[in-house]
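Work through the exercises below with the sequence and the model open. Each task is followed by a solution in steps.

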Amino acid sequence: MSTIIKNKTKIITETSGFPSKDVMLDLKDLKKIYPTPKGDYVVLEDLNLQIRKEEFVTIIGHSGCGKTTMLSMIAGLNPISGGNISVLGKHIKGPGPDRGVIFQAPSLMPWMTALQNVLLGVNQVFPDATKSQRNDVAKYYLQKVGLEDAFNKRASELSQGMQQRVGIARAFAIKPKVLLLDEPFGMLDSLTRGELQDILIEIWNKEKITAVMITHDVDEAIFLADRVVMMTSGPKAKIGDVLDIDFERPRTRKSVLEHNDYYKYRKHLIDFLEH
Amino acid sequence: MKQSLTLGKVTKFMGLGFLTTIKDLFTGKLEKEDFKNFLRKVVVPIASILLFIGLWHMGSKSLYNIEAEFKIEKALNDQGPAAAEALRTCIASGDSSCQPNTLPSPSQVWSSYQSLLRDHNIISADKAAFIEKTAALNEKRLAEGKDAIVYTGRPSFVDQIFRSLQTVFAGFLLALLIAVPLGIFIGLSPTLKSSFNWFIQIFKPVSPVVWYLLVFMIVKTLLIGSSEDSSFTISFISVGLCSMWATLVNTAMGVSSVDKDYINVAKVLKLGPFQKIFKVVLPSSLPLIFTGLKITLSVAWMVLIAIELLAQSPGLGLFVWEEFQNGANDSNAKIIVAMFVIGIIGFLLDRLMLTIQNWVSFDKTDAI
């Protein structure tokens, strides 16, 4: 317990050290309270986190610790009880396409084709572009996720993994400032998960969109992230520890697995989770 | 091969899958392992129809005997043995003047059906002749700015069927135009939902007869001074109001229970209200809306008969009522014919809705 508290003070001094022009996403004294008949239930309390531009952060923690609550607050889908969230110094008000979300369930409209699903976002974000320009954008990202043969397939005809690929294309195609990923591969089998991690990191290497991703998978957290944020168990969850991952980019799975520090990082995360 | 594949698809699409099995039987495509399937899908249904007709036949025969015995007994008591004997021979001879009036047998119903068809052919011929005869005259009258002369003879049974279908579709359309938009608004807004809930709960169980009377009161006053026959207007409005509730409730439920993930996507993408309704909410609630519409159409068809009867609006309902009042020898058989026609048309309407539903809805699971 004492190490956690010590870590926390360390983080606060550390994160406040970023020059403010480098900060993309800033969570300040963030609080979430659900009122219940037996009094308030505090999910998150005094949570502080700064995420730099072009940074990929993964968040790891036990089930029910409030990770998803935090992410949906950043997305604007869940009201903030206290503190504030700002993107590029501006406080957020409700959801918006500047924060793209890849949900745990693919959440595609099953009656639309893959292309229509991506266009739904693209049309909204680029209303002034011509129709063919918007089509090109949507097709470009579908190609990037390997769905060039499935433009006109209905979402309901695609496998779960393919659907999540469309979800990735949809999120990148609206060119958000921040990308929020809520355990996007949690429902997939491990082979498909690996494939999609590769696809995700490949697009991300090109676009460098600031990303916050929740995961349960320690290997996934290390492979994708610049920093892994560990959350303590709820109620009153806060940030327990932060681990910088110093692998150079672009990374390959092989180079990461063979890196000397890999098992050190892995042990650090598992020690925290089993604490 | 290709042709039978399409037939199979089409019939399955319409929920008439058993037709393919029958076709396979005649083209000799049935494998041995399909035999059980064939038994279940073709033999058993046909056997059950035959059993039904057999039971009906025996039932009507015994009712006929009870009625005949009673008639003879009564003649014996009132008029003496000679009259009773005369009646007995009369009944046995099958003379139509003295037949007992009871549930008609299947064969009587069949012959009534054929006589109704003959009647229709005669009336159609009459009508065609009339139109031909008045064509030249009507042209002249129209040129002079007068109304054309129209055929005003008695409508045939088939005419009544088409009239009933017109009424039911007009009523259904009215129900659709009221219930779907209203259901969407109610489903979208919890405030509207709670303010409309009492309204729906109170009016939903009201009987078709009362709806008819209510519509009659209003339409009668609105059309005061108009010489037009208001019975069609009154009956289709009553049918619509009676049957719209299932669609209203289902639409509201479908709209308010759209998957939260879809709503979140709409929020993140900041879709406007118009786009949200037409791109997300409506498509996702289509299956439920169609379930409602299917119930509405079948309710509309069911209450139509009672409402036509009350409104004296031409159609199957009026036909049934007139035959009942008429009390002629074959009236009962004609009523049974009307009953089967009503049932079969109701079934076909249901299949029609199912086909449209399968066509427009993304949810390709078999809805029954």
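**Exercise 1. Find the bridge partner of A:R99 in strand 7 of chain A, then place that pair in its sheet.**

Step 1. A:R99 has A:V178 as its bridge partner in strand 7 of chain A. Strands are DSSP runs (E, at least two residues), and helices are DSSP runs of H or I with at least four residues, both numbered from the N terminus.

Step 2. Four bridges link strand 6 of chain A to strand 7 (residues 178-182) of chain A, in the parallel sense. Two strands count as paired if DSSP finds at least two bridges between them.

Step 3. The open sheet has six strands in the order 6-7-8-3-9-10 (chain A), and its pairing is mixed. Strand 6 (99-102) and strand 10 (239-244) of chain A each have a single partner strand, so one side of each lacks a neighbour in the sheet.

A note on the model: it is predicted, local features need pLDDT of at least 70, side-chain atom pairs count only at pLDDT 80 or more, and totals for chains, interfaces and linings use all residues. Residues are numbered from 1 along each chain as its sequence is written, while chains are lettered from A and ligands numbered from 1 in the order in which they are written.

**Exercise 2. Describe the open sheet of four strands in chain A.**

Step 1. The strand order is 2-1-4-5 (chain A), with antiparallel pairing.

Step 2. Strand 2 (39-52) and strand 5 (90-91) of chain A are the edge strands, each pairing on one side only.

Step 3. Strand 1 (residues 23-36) and strand 4 (residues 82-87) of chain A run antiparallel and are joined by five bridges. A:K31 has A:G82 as its bridge partner in strand 4 of chain A.

**Exercise 3. Which residues touch the most other members of the largest nonpolar core?**

Step 1. A nonpolar core is a set of buried Ala, Val, Leu, Ile, Met, Phe, Trp, Tyr and Cys residues joined through C-beta atoms within 7 Å. Buried means that 20 or more other C-beta atoms lie within 10 Å of the residue's own, with C-beta atoms placed from the backbone.

Step 2. The core has 137 residues, and A:V118, A:V212 and B:A300 touch the most other members. Helix 11 of chain B gives the most to this core, with 17 residues.

Step 3. Beyond its neighbours within four places in sequence, A:V212 has contacts that include A:L25, A:I51 and A:V178. Contact means that C-beta atoms, placed from the backbone, lie within 7 Å.

**Exercise 4. How many residues does each chain give to the contact between chain A and chain B?**

Step 1. Chain B gives 13 residues and chain A gives 16 residues.

Step 2. On the side of chain B, helix 10 (260-268) and helix 11 (273-311) are the elements that give two or more residues. Helix 10 of chain B gives the most, with six residues.

How values were computed:
Contact = placed C-beta atoms within 7 Å. Buried ≥ 20, exposed ≤ 12 C-beta atoms within 10 Å, placed from the backbone.
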